[in-house]
Amino acid sequence: MDTQPPQQGLKIYKRLVRYALQHWQWLTYSLIGLVIGAATEPLFASLMEPLMDGAFLDKDPKILAYMPFAILLVFLARGISSFISGYYMTKVGRTVVKQLRSELFDQLLHVPISYFDTNPSGQLLAKLTYHVEQVASASTQGLTVIVRDTLTIIGLLGLMFYQSWQLTLGLLLIVPVITLIVIYVSKRFRNLSLNLQKSVGDITQIANETISAQREVRIFDGETYEKERFEAANHHNWKMHLKNALTDKISTPLIQFMIAIALSIIIYIATQASVLETLTPGKFTAFIMALILLLTPVRRLTAINSILQKGIAASTSIFSLLDEQREQDTGKKELTQCKGNVRVENINFRYNSSEKDVLSGLSMDVKAGEKYAFVGKSGSGKTTFVNLLPRFYDYQQGTIYLDDIPITELSLSNLRQQFAYVSQNITLFNDTVRNNIAYGHQQSTATDKDIRTAAQAAHALEFIEKMPQGLDTLIGDDGILLSGGQRQRIAIARAILSNAPILILDEATSALDTESERHIQAALVKLLENRTTFMIAHRLSTIEEADCILVLDEGKVVESGSHAELLAQKGRYHHLYQMQFSEQTD
Ligand SMILES: Nc1ncnc2c1ncn2[C@@H]1O[C@H](COP(=O)(O)OP(=O)(O)OP(=O)(O)O)[C@@H](O)[C@H]1O
Ligand SMILES: [Mg+2]
């Protein structure tokens, strides 16, 4: 994460603080706690004067009596205030985390699908988990340190001035030197710990690759290469740790020695005759105590910048997602009884990243209930086209009408309700078979009988019934416990169950054996009699029954017609068919 320019950083920090300010009541409790906590430090140091002079030297009975209670009282106040400030600050921090997470998740549900093309899922997950945490700790720690430590320092310095202005002035001359050293050391530490983190990352990366690619490593004789790579990373990590230890182990005695120098200078000044007569042992002890108490808040305050920078970098990443433009959902019309007529007029489409049109001049007029099939080389634009229908992407030119209404004039949710989709890359949820078939709005409405009927039509019931808990079997992360063909059949059952008037099947049966595919096809034809269907298939035998077959090439329709018509044309379709046919008879 980079350092932000200060102007930008301030703006982002302000935006972050606004989140915290929504919980101003808790924040107030916490601030009161911080102020009281900050006051207890100089209070404690100032007790040293009456303790030394009054109790030990003069043996004043009044002071002797109240001193133990005074000390208890100060620590009681310190304990209670630190509890209140800590608890309420955490409450604010956790609430902001919760709120940011909800907003991010909601945003993920509404950004255009194309957003996911350019943002790897790993990075998006990091925003939701790691970055959000960083923001919370940065904002609460930042506030705590700035408020409490600044006040503590002011209080302690004030006390020191009050006890002896000569000593304080002397001290103020040394403090900058110590501060500079502390800053230098902590900066070096930060760089070292970054390097260290990276070297740990290198080790896990190499180990992870080797573990998951065992087969490739062994068959391509990669052992030596991987071993050398790993050794290098391992050695680098070892070196970084030792460097870290070097700085760490030197810095503590170094800082302690600097403090000793400061102390000796102060003692030197204190013992000068002119100063000595203004000092009592009590004043001197109070002064030294204040000085010792000063070290911790000063150290924390010098580290605050790095905490804030981390927080600002993390917020930048979070706000960039939150500020992302959502899907255009300006359509107001709603179809209550969609018939399923789809008219496509002269569509041109390109992805943001593509240099030329992926689809050009696409037109078709699909009447309700008709089956349209798309064939063509890999990369010819078949998946791209069907993705335009439910507006996963918006086309640049032309119009698509659903029941004579341009799809952009329908509300997104209404438009998408009209579709069921079995995509080329099926995703299943880590849930039961039942919840995977009855996904989304179906979950509450579908009966057991509906689910079974759909599963039967998709030829899924036979294997579901063999599973240990039937429909209630958990299928693992993305259905890992199922075979490729079983996954497809679950997805088809899901599409059948949703009674949407239009169905999109993108290579929906590609992982099935020919026999199951035939069975499903037969069932689908019966089942989908009244539903408009767009199907994509490489195996031509599955689309012979389609009302119209479109042959795509580089985003253009090069042939169209029924199976028989296309065969008669003896063009590309005929050629494809011949090839597959001869493969089969071989
Ligand atoms: N999200 C995307 N961003 C940019 N370009 C893409 C994206 N998806 C696909 N493409 C490109 O668009 C073209 C058409 O891809 P598409 O997935 O529509 O092909 P397809 O006909 O479905 O191929 P296949 O038969 O292999 O599934 C390809 O050149 C591909 O590289
Ligand atoms: Mg495809």
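**Strand pairing, overall dimensions and the surroundings of ligand 1**

Strand E1, comprising residues 342-349, pairs with strand E2 in the antiparallel sense over 5 bridges, and within this pairing Val342 stands opposite Val366 of E2. In this predicted model, the two strands belong to an open sheet of 4 strands, which has the order E2-E1-E4-E5 and antiparallel pairing. Strand E2 (359-366) and strand E5 (405-406) stand at the edges of the sheet and have a single partner strand each, so that one side of each is left without a neighbour in the sheet.

The loop between helix H11 and strand E4 (397-402) contains Asp394. With 13 other C-beta atoms within 10 Å, a number that lies between the limit of 12 or fewer for an exposed residue and that of 20 or more for a buried one, Asp394 is therefore classed as partly exposed. The C-alpha atom of Asp394 is separated by 10.0 Å from that of Asn348, although the two residues are 46 residues apart along the chain.

Helix H11, which spans residues 382-388, also contributes to the surroundings of ligand 1, giving the most to the shell around this ligand, with 3 residues. Of the 14 residues around ligand 1, those that come nearest are Tyr351, Ser378, Lys382, Thr383 and Thr384. When the shell is divided by class, 10 of its residues are polar, 2 are nonpolar and 2 are charged.

A further pairing involves strand E6, which is joined to strand E7 (residues 502-506) by 4 bridges, the two strands running parallel. Ala420 of E6 has Leu503 as its bridge partner in E7. Along E6 (residues 419-422), Phe419 and Tyr421 point one way, whereas Ala420 and Val422 point the other way, and all of these residues are buried.

At the level of the whole protein, 20 helices and 10 strands are present. The C-alpha atoms fill a box of roughly 120 × 60 × 50 Å when this is taken along the principal axes. The radius of gyration is 36 Å, whereas a compact globule of 586 residues would have a value near 25 Å. Of the 586 residues, 27% count as buried. Among contacts between residues at least 6 apart in sequence, 78% join residues that are at least 24 apart.

Key: Residues are numbered from 1 along each chain as its sequence is written. Chains are lettered from A and ligands numbered from 1 in the order in which they are written. This is a predicted model: local features need pLDDT of at least 70, side-chain atom pairs count only at pLDDT 80 or more; totals for chains, interfaces and linings use all residues. Two strands pair if DSSP finds at least two bridges between them. A residue is near a molecule or strand if its C-beta atom, placed from the backbone, lies within 6 Å of it. Ala, Val, Leu, Ile, Met, Phe, Trp, Tyr, Cys and Pro count as nonpolar, Asp, Glu, Lys and Arg as charged, and the others, Gly among them, as polar. The radius of gyration is taken over C-alpha atoms; the globule rule is 2.2 Å times the number of residues to the power 0.38. Two residues are in contact if their C-beta atoms, placed from the backbone, lie within 7 Å.
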